[in-house]
Amino acid sequence: MTTARVRAHRRLQAFRVVVLTVLGLFFLVPLGSMAAYSVRVPAGGRTLDFWRQLGQDPDLRGAIVTSLELSLLTVVLMLVLLVPTMVWVRLRVPGMSRIVEFLCLLPLTIPAIVLVVGLKGVYAWVTYFLGDSSLTLTFAYVVLVLPYAYRSIDAGLASIDVVTLSEAARGLGAGWFTVITRIIVPNIGAALLSAAFISVALVLGEFTLASLLSYTNLQVVINLLGKSDSQTSVAASLASLVFAFVLLILLSLVGRRRGARRTAPALDLMAPPVAKEG
Amino acid sequence: MIATSTGAREGLEVRLEDLRRRFGTVTALDGLSLTLAPGELVALLGPSGCGKTTALRIVAGLDEPDSGRVVVGDRDVTDVSANKRDMGMVFQAYSLFPHMTAQQNVEFGLKLRGHDSTRRRARAGEVLDLVGLSSQKDKYAGQMSGGQQQRVALARALAIEPSVLLLDEPLSALDAKVRAQLRDEIRRVQLEVGTTTLFVTHDQEEALAIADRVGVMSQGRLEQLDAPEALYSRPGSAFVASFVGLMNRVPCEVQGGRATLLGTSVTTLDGSVHGGRGVALVRPEQVQVAAGGDDATVVHISFLGSFSRVTARLVEGTELIVQTPSATVQDLRIGDRVGLSLLADDLLVSATTD
């Protein structure tokens, strides 16, 4: 009995190691190759010139700033739009939650190229009212991050008793704004953070919409640069990839720490949505 | 009849006037009217779905009536939103804000009222003291037991010195021992602060133990509103009689305001049938059992400590539960023939179909 269990445990351990190694290689080998390529001098030897280039190339620098600004705006608009709506749906019109979920997950099922066809017309008006700054991409990106942000925030809201907490707060004299900002948001902080991180990662890596709608962001510039200066472009790609990875790792760490400190379920993106009690 | 004696000077009168509320095809409240005297604790008791929670939520402003009014003191609050009603509420579900300590929870309402931190801390200390939890003030909800959480919730509701205290089955998530303890604690605290209180429960023991008056609800209506003793000994309807405490149903003959059963003639209470066959509602302690009679056969005896419950089958087949001091039934065995006699002077007799 015990030996069988020990053996089973060992087999599981071995399986884990194998899976982790294979997956690790799958992700790290391309990244390693990119790193090697970005510092290689064709004639032989190594140089950091291409990395220095990242800060010096004005187009690239502008694109990095644009993409970071886009991430920030997308996160802010997404949270402002999604949090009150989702709280409201839970409290007042729970019957609508299916429809809202369907709407939020819809962008996942529509290929970017199809989205562009629809967005082209809309963006004629956006340009008319707001000018042709690349930052107007924020609106398209909010739509794009909806499915991921929705899932994350939904898991957060499911882990607390939104109805009772807000009724308790209202009974004590809190208006709706106070309920959302001082009661709901602090209790789903980890979920909001994960929604924000994943949105940032998505926006930093977005190419299709920007390119097809003729706007400039980091990926568009990297792509252009790839044609003239492939090594700098690879350095830039690697930098943005690593940045996104770091964000995602931070995200999972935050989720785990939260889960440990309180008994609330971990706000893990990979976790299935938590069924609401009662 | 209304006990408003103890420390009930600060309480306000609360009036629920002809409240009606429908959810789709379901009528939750069907013209509920109820007046709570200042400082009084009224319990609304009833089976689930009888409308008691709806009534409480309407008083709290968390639900709106289709018609009717809620008046607190001289103020009609029917159209006032929940956050401006100045009511303290304790919920069935644990409702402490998980990201705040017990003390911060209690201070929350005071903060919203713009009290400065010195005043907040003093008041929070006061009410936490009142519920006996000063030592736990720095704990988060997740670090406290269910009973402690509900005490903090009570302290939080009282901290804002509400005009009305609303308790929505605050004990039903707790285990039996804590429930009884906290029940008495709630009553003690309520008497001390003198706040008019509406307490909703489905547990008759709870309601009878702590309320000044108990309102028994059924299908959105108040069946009877009375002091616990009156409700128990003089139930106004068969529903109240069978919902509050154990009740035997004994077939009997009614004539001229008197019913005859177990060889005794008793006066019928208001609300009884006027003549013909009926079912008398008899409490287990209103019957006396004696060995050696010929009224019934003992079918079961349960020993419950100082008293026992004897189940006896009458000749025509009706089973009757008799509660009697254990000493009197020591010699009884199952199958013994016994005599039964009625100790009541008046009884409620309902129609046979009820």
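Just after helix α5 of chain A, Gly131(A) takes a positive phi of about 85°. Helices and strands are here runs assigned by DSSP, with H or I over at least four residues for a helix and E over at least two for a strand, numbered from the N terminus. This is a predicted model, in which local features need pLDDT of at least 70 and side-chain atom pairs count only at pLDDT 80 or more, while totals for chains, interfaces and linings use all residues. Residues are numbered from 1 along each chain as its sequence is written, and chains are lettered from A and ligands numbered from 1 in the order in which they are written.

The helix that precedes this glycine, α5(A), covers residues 112–130. A straight helix of 19 residues would span 27 Å at 1.5 Å a residue, whereas α5(A) spans only 23 Å between its end C-alpha atoms; the expected span is 1.5 Å times one less than the number of residues. Where is the kink in α5(A) centred? It is centred on Leu119(A) and amounts to about 40°, the bend at a residue being the angle between axes fitted to the seven residues ending there and the seven starting there. The helix α5(A) is also hardly covered, with 1 buried residue among its 19. A residue is buried if 20 or more other C-beta atoms lie within 10 Å of its own, exposed if 12 or fewer do, and partly exposed in between, with C-beta atoms placed from the backbone.

Chain A as a whole has 12 helices and 0 strands. Its C-alpha trace spans about 70 × 70 × 30 Å along its principal axes. Of the 278 residues in chain A, 33% are buried. Two residues are in contact if their C-beta atoms, placed from the backbone, lie within 7 Å. Among the contacts in chain A with a separation of 6 or more, 76% join residues 24 or more positions apart.

Chain A meets chain B in a contact that takes 18 residues from each of the two chains. On the side of chain B that touches chain A, the elements giving two or more residues are β6 (87–90) and α2 (102–112) of chain B. The largest share comes from α2(B), with 3 residues. By class, this side of chain B has 12 nonpolar, 5 polar and 1 charged residues. In this classification Ala, Val, Leu, Ile, Met, Phe, Trp, Tyr, Cys and Pro count as nonpolar, Asp, Glu, Lys and Arg as charged, and the others, Gly among them, as polar.

Chain B also contains sheets. In one of them, 4 strands form an open sheet in the order β2-β1-β4-β5, with antiparallel pairing; two strands pair if DSSP finds at least two bridges between them. The edge strands, each pairing on one side only, are β2 (26–36) and β5 (75–76) of chain B. Helix α1 (residues 52–60) of chain B packs on this sheet and touches β1 (14–23), β2 and β4 of chain B, its direction making about 115° with that of β1(B). Such angles run from 0 to 180 degrees between N-to-C directions, and the axes are lines fitted to C-alpha atoms, for helices over the stretch in contact. Strand β4(B), residues 67–72, pairs with β5(B) over 2 bridges, and Val72(B) has Arg75(B) as its bridge partner.

Another sheet of chain B is a closed barrel of 5 strands, running β11-β12-β13-β19-β14 with mixed pairing. Its neighbouring strands are turned by 50° against each other on average, direction ignored. Strand β11(B), residues 248–255, is joined to β12(B) by 3 antiparallel bridges, and Val254(B) has Ala259(B) as its bridge partner. These two strands form a hairpin with 2 residues between them, and Gly256(B) in the turn has a positive phi of about 55°.

Strand β12(B), residues 258–261, is in turn joined to β13(B) by 4 antiparallel bridges, with Arg258(B) opposite Thr267(B). This pair likewise forms a hairpin with 2 residues between the strands, where Leu262(B) in the turn has a positive phi of about 50°. The covered face of β12(B) holds Ala259(B) and Leu261(B), and the uncovered one Arg258(B) and Thr260(B).

Strand β13(B) spans residues 264–268 and includes Thr264(B). Why is Thr264(B) classed as partly exposed? It is so classed because 15 other C-beta atoms lie within 10 Å. Thr264(B) touches Ser341(B) and Leu342(B), not counting residues up to four places away in sequence. Thr264(B) and Leu342(B) are 78 residues apart in sequence and 6.8 Å apart in space, C-alpha to C-alpha.
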